[in-house]
Amino acid sequence: MDPAKTGALIRALRKERNMTQKDLAERLHITDRAVSKWERGLCGPDISLLEPLAEALGISILELIQGERSSRAEEPNQVEAHTRQVLDYSQNQLAHKLRSARKRYLCLLAACLLGAGLLLWRSGVLFVIDKKPSPDGQASVTVYRKAFDLGGFSDFSLKDAASLRVTGRDGAKTYITYGDCQYRGLWWAPDSSKYVVALQYDDGPYLALSWLDAHRESNLNAYLSMGVEMTELRKGRYVNGTGFPEIQYQFLQWGLDSASMLIYYAFEDSGGALHDGYFWYNCESGAVDAILELN
């Protein structure tokens with residue numbers, strides 16, 4: 001089909017029958033804009049409209065596709081050729097519809113993927129690295145690898161950081177960002193009243209003790225150091241040129257009383273010898289007990 005020839009034929013036959021574009025459109029149950037596009041040669045009629053359009057204009061489907069009136073009977077070979085034209089037109093129309101449908105599908109799929117990606121980004125699901133419910137199931141801590149932006153993740157230039165979303169027993173949420181560090185673990189006390197989170201900064205490990213009901217967080221490293229001040233770990237024979245050696249701590253587990261913690265320690269004495277072992281620390285009384293040195 002030549003859209004220009006077919007369009008000119010449609011316009012001429014429509015005018016012969018004293019029909020407006022709107023009249024023809026109403027008869028075919030389409031818009032007059034579609035008729036206007038045909039007559040201007042911008043596109044051809046849909047294959048489903050060929051028969052009713054040819055009938056409305058008083059011509060055959062072949063004449064409509066060819067864009068001209070036929071004044072004589074056709075030979076068998078001409079009929080075959082024209083039939084092939086109709087089939088080719090049908091195939092082209094079908095291919096066009098498939099391409100259009102495929103484009104619409106791909107556009108819809110891309111829009112859905114983009115929308116889903118935005119929702120996942122803003123919800124933080126893409127950045128979750130751990131989720132720790134409390135033993136009683138009434139609270140939880142979700143750990144992310146990105147810094148929060150006003151309590152969420154709406155900014156697309158978020159920095160890498162360890163961040164926590166703490167959901168309390170009443171459903172209230174608290175957002176905490178610790179900055180550029182690596183998350184190492186989180187442990188709830190058996191009674192679900194507090195938890196310890198372990199982080200690794202460039203200058204060493206860091207332990208934070210959070211009291212859920214009191215909405216309070218403590219630097220556990222500092223409290224551990226105060227707790228061992230008067231123990232054999234701080235005796236004079238370990239003092240170096242700058243004073244007491246720096247002790248590295250690692251949290252291992254809670255005691256059943258939800259106050260005691262089993263802590264691993266390690267440090268070098270003034271002679272460069274490594275000392276490490278374990279002790280129990282009571283976070284409520286500050287007492288250090290049962291120090292065991294491995295070497």
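Here is a short chat between a visitor and a guide about the structure above.

Visitor: What kind of model is this, and what pLDDT do local features need?

Guide: It's a predicted model, where side-chain atom pairs count only at pLDDT 80 or more, totals for chains, interfaces and linings use all residues, and local features need pLDDT of at least 70. Residues are numbered from 1 along each chain as its sequence is written, and side-chain values use heavy atoms, with hydrogens and water left out.

Visitor: Which strand gives the most to the largest nonpolar core?

Guide: A nonpolar core is a set of buried Ala, Val, Leu, Ile, Met, Phe, Trp, Tyr and Cys residues joined through side-chain atoms within 4.5 Å; buried means under 20% relative accessible area, exposed over 50%, and partly exposed in between, using a 1.4 Å probe and protein chains only. This one has 21 residues, and Tyr249, Met261, Phe279 and Tyr281 touch the most other members. Among the elements supplying at least two residues each are β9 (248-254), β10 (260-268) and β11 (274-282), with strands being DSSP runs of E of at least two residues and helices runs of H or I of at least four, numbered from the N terminus. With four residues, the top giver is β10.

Visitor: Which strands sit at the edges of the open sheet?

Guide: Four strands make up this sheet, in the order β9-β10-β11-β12, and the pairing is antiparallel. Two strands pair if DSSP finds at least two bridges between them. The edge strands pair on one side only, and they are β9 and β12.

Visitor: Which residue in β10 stands opposite Gln248?

Guide: Look at β9 and β10, which pair in the antiparallel sense over six bridges. Opposite Gln248, in β10, you'll find Ala266.

Visitor: Which residue in the hairpin of β7 and β8 takes a positive phi?

Guide: Strands β7 and β8 (residues 216-219) pair in the antiparallel sense over four bridges, and Leu209 stands opposite Ser218 in β8. Four residues lie between the strands, and the one with a positive phi near 50 degrees is His215.

Visitor: Is Ser210 buried or exposed?

Guide: First find Ser210 in strand β7. Its C-alpha atom is separated by 5.4 Å from that of Lys194, 16 residues apart along the chain. Its relative accessibility is 5%, so Ser210 counts as buried.

Visitor: What is the relative accessible area of Tyr105?

Guide: You'll find Tyr105 in helix α6 (residues 76-123). Tyr105 counts as exposed, because its relative accessible area is 52%.
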